[in-house]
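Me: Hi! Could you walk me through how the pieces of this one pack together?

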Amino acid sequence: MRRLGFFFLAVLGAIASARAEAPPLKETPDLAPAVKRGELPPVEKRVPSAPLVTTPAEMGTPGGELRLLMGGAKDTRLMVVYGYTRLVRYTPAYELEPDIAQSIDVEDGRRFTIHLRPGHKWSDGKPFTAEDFRYWYEDVASNPKLSPSGLPEALLSEGEKPKVEFPDAHTVRYSWTKPNPLFLPALAGPYPLFIYCPAHYLKQFHAKYADAKVLADRVTEAGQRNWAALHNKLDAQYRNDNPELPTLEPWVLKTRPPSDRFVFTRNPFFHRIDPAGVQLPYIDQVTMGIADAKIIPAKTGAGESDLQARYLRFDNYTFLKEAESRNNYTVRLWRTAPGSQLALYPDLTVNDPVWRKLLRDVRFRRALSLATNRHKINQVIYYGLAIEGQNTVLPQSPLYDAKFREAWAKFDADAANKLLDEIGLKERNDDGTRLLSDGRPLQIIVENAGESTEQSDNLELIRDDWRDVGIELFTKPSQLKVFHLRAFAGETIMSIDKGFENGLPTADMPPLELAPVTQQQLEWPKWGQYYETKHQAGEAPDIPAAEKLLALLRTWFDSKTHEERRQVWQEMLGIHADQVFTIGLVAGVQQPVVVSNRLHNVPVGGVYNWDPGAHFGIYHTETFWLASDAPTAASDLPNGKKAQ
Amino acid sequence: MFGYIVHRLLIMIPTLIVISIVIFTIIQLPPGDYFSTYVAELQSQGEAVDLQKIAFLKAQYGFDKPVWQQYLYWVVGLLHGDMGYSFEYNLPVRDIVGDKLLLTFVVSFATVVFTYLVAFPIGIYSATHQYSWSDHTLTFLGFLGLATPNFLLALVLLYIANVYFGISIGGLMDPRYLDEPWSWGKVVSVLQHLWIPVVVIGLAGTAGMIRRLRANLLDELHKQYVVTARAKGLPPFRALMKYPLRMALNPFISDIGSLLPHIISGAAVVSVVMSLPTTGPMLLDALRSQDMYLAGSFLMFLAFLSVIGVFLSDLALAALDPRIRLRGGVTR
């Protein structure tokens, strides 16, 4: 059993700083000329006095340019995801460890003392201190103009605001009267909760600090409506579209949008070093080419990206593999982490009363699940490489139990038929389709967002299986937004979409996906709405299992120990497995990851996930390095001949 | 003549007003707005969304106001030269459009030149050698050009260009030149990349133009004045160029009206397939994500160019062909 929840962070912090008995530092070759000219301080002055020593799988040499491809200018935010520099971060084993923070002391799950690294600097060389936290909390998050809807959710423990103290320049303390288990996971997310911002830069745009006339001029110049809009536009720590905004990330944006190519250069003040005393990141420069998302697999296959997974799909695999030797890269297959690649969502809150009654009958959902031949889907569509079973946590998760995945998942048409007869759906029409209680034929229309053929391929296979038990299935592709709006309004009988977003939870992550808390949950949009809008809209959950799930979620938030949380998780997963709220198909479908043969330290087999995982972020992109045996501007050479 | 021009200019105003209302209505027609599209898109990628920030932006940009107020706000801005604000790019619209216009212009202009250079000689040749073996061959090629879907051709050419000539896929220049100042190498790189889009976009137009030129010219060639000119001993080339060809040109001049907006908007579908940095894909994205000020202002700009273009081509026709009378234009 894992005991390393975040309650032990203080210990981890101590370990990190003990390791930080740092080796003598070496100057980065790329920055040496600037240091010589006196434009940059030497490396000893640039890294914090207690840097974070990261041990890479393979020691690298600094330099080189990493090329990425992205689908739009908005994707500059992904550098913040890939860079994955957070106050605390997940390790590849999904435990939390301090990163920007030197350590965090946690008492009772409600008092969090963050110790910063003395001498830590922003990418423009200005010190990073408790003032940056104070400015954010007092002047940004608590300012009604800048944050009209108040503090972020994760800073409220059952509606209670935190008490925030700044004992000295390198210490920040957040405390609540009750435990706040959301706080640290929010800080470690791929889209993190930033509880700091570069105060010295942003104060120029804040009405409280800036000269009113100068500020008014800046607002007009930027075409904004008022100073709050300007401040929010420039404070783009996640959006990452402001090249002037200082950052703590390994690479800093240099190109001003709009552009079709974004350049990110190394942050000379980055706080991590390798055991040999070389400042990270190894790679000098990252360039992000912008192309239409649909053409990215083709461009990747032409060797125009050194590291690519986004916008590549499993069905691109053969094409990419074919060009592998020609363009000097390797295609790796990583696991993805959704609880299920695709799952069917019977809408328990559908408007139609007959359907509502039927879908709420657990026997019906079980029958649908039993009538689905997952093995066939796996063989036909996923080359047999996926994991068959229900929509639940993946085997890599510490909460995994085989019985959750196997429950009602074995193909058995006889059992399904028996269950359907038992419900009373005995009458059939001439086509052999069963009839609903009001005489309509049992035709299920499965709606989807119409974005990929994968969904329709799956449904095509399921349709054949279901016809054998007297159920007709129709596919209705629409458009993403229309699809969502119909589901939220209760028009949809059943939909198909990705399963649980996070199939790799630990007990310390909130089990939000398992209880009806948002209308995005297609199995019960209206119950979710009810919770989300604080009972203004939607409907209250009125079946015992859903009420139980909500109660368990509350228990989780009140829990103090790891073991309690673990039990809550197990119980909730058990309810899902037994009730078959969603009908999972297959999981663990692989994500092709194209890695240039010059690029080192990228794991051969990894997990490609958003949260936790931050795509590549969790695997320490700052330790990736490029061997210099091939020319950098490879794209201009005749690719067809180069490798032969 | 002067009265005619003033009349035409004045009639543009109600035309543009109606166009602006239609544009705005159509953009607003699909359910939801830019932010709901944005949220749905992020969630489909499995990413988190900061709903508080979205609420802030919505209020900031007046999404809570009635539609007619949003419309007035937009139109009044347009009259002041303010094209509004793009949510997608988080920048004023003029900053986004400006960069793309030049390259769009280059591509479109090259396409037009390519079309004319190829279509005219072939069209004239086909007409003068009607039903000959060479005419049949060229006609066959022309139909082939008309019938090939150009996005398919784009894909095939891209693949060939990449595998055999090592030209990077998509885009108008090699990635490393993208944010560099103009240099000789950059110009060469653009020229290397330019031929595919030019051929692809121009192909259907070229084929169409060959057919039209051939048909028009054939009508003229059998008229009596041509026979007379020949009989009087005018050299065949002059007898062709002096009158029949000029007569056959009228449809092309009236085409200028639609050419002007076309040069600016580029061929959207081909540009998307080839990921060209032109305005076509930008407009398409803006429409899809309901980035209403970007889409609206750009469409308005195109509408304005069409109106001007039609006006100019009418004037040019009147100037070039004495048979066209102004009176006819007014009563039409």
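**Sheets and helices**

Reply: Happy to! In chain A, strand 2 and strand 12 (residues 285–290) run parallel and are joined by 6 bridges. Strands here, like helices, are DSSP runs numbered from the N terminus (E, at least two residues, for strands; H or I, at least four, for helices). This is a predicted model, where local features need pLDDT of at least 70, side-chain atom pairs count only at pLDDT 80 or more, and totals for chains, interfaces and linings use all residues. Residues are numbered from 1 along each chain as its sequence is written, while chains are lettered from A and ligands numbered from 1 in the order in which they are written.

Me: Which residue is the bridge partner of A:Leu69 in strand 12 of chain A?
Reply: That is A:Gly289.

Me: And what's the strand order of the open sheet with mixed pairing?
Reply: The order is 2-12-10-9 in chain A, with 4 strands. Two strands pair if DSSP finds at least two bridges between them. Strand 2 (65–70) and strand 9 (251–253) of chain A are at the edges with a single partner strand each, so one side of each has no neighbour in the sheet. From one strand to the next, the twist averages 25 degrees.

Me: Cool. Where does the antiparallel pairing turn up?
Reply: In an open sheet of 4 strands in chain A, ordered 5-6-8-7. Its edge strands are strand 5 (101–107) and strand 7 (163–168) of chain A, each pairing on one side only. The twist there averages 15 degrees from one strand to the next. Strand 6 (residues 111–116) and strand 8 (residues 171–175) of chain A pair over 5 bridges in the antiparallel sense, and A:Arg111 stands opposite A:Ser175 of strand 8.

Me: Which helix lies across strand 6, strand 7 and strand 8 of chain A?
Reply: Helix 5 (residues 130–141) of chain A, running at about 155 degrees to strand 7 of chain A. Axes are lines fitted to C-alpha atoms, for helices over the stretch in contact, and angles run from 0 to 180 degrees between N-to-C directions. Residues are in contact if their C-beta atoms, placed from the backbone, lie within 7 Å.

Me: Switching topic: at what angle do helix 14 and helix 17 of chain A cross?
Reply: Roughly 140 degrees, with the axes of helix 14 (residues 374–382) and helix 17 (residues 453–468) of chain A coming within 10 Å.

Me: Who makes the contact?
Reply: A:Lys376, A:Ile377, A:Val380 and A:Ile381 of helix 14 of chain A, with A:Asp457, A:Asn458 and A:Leu461 of helix 17 of chain A.

Technical notes
Two residues are in contact if their C-beta atoms, placed from the backbone, lie within 7 Å.
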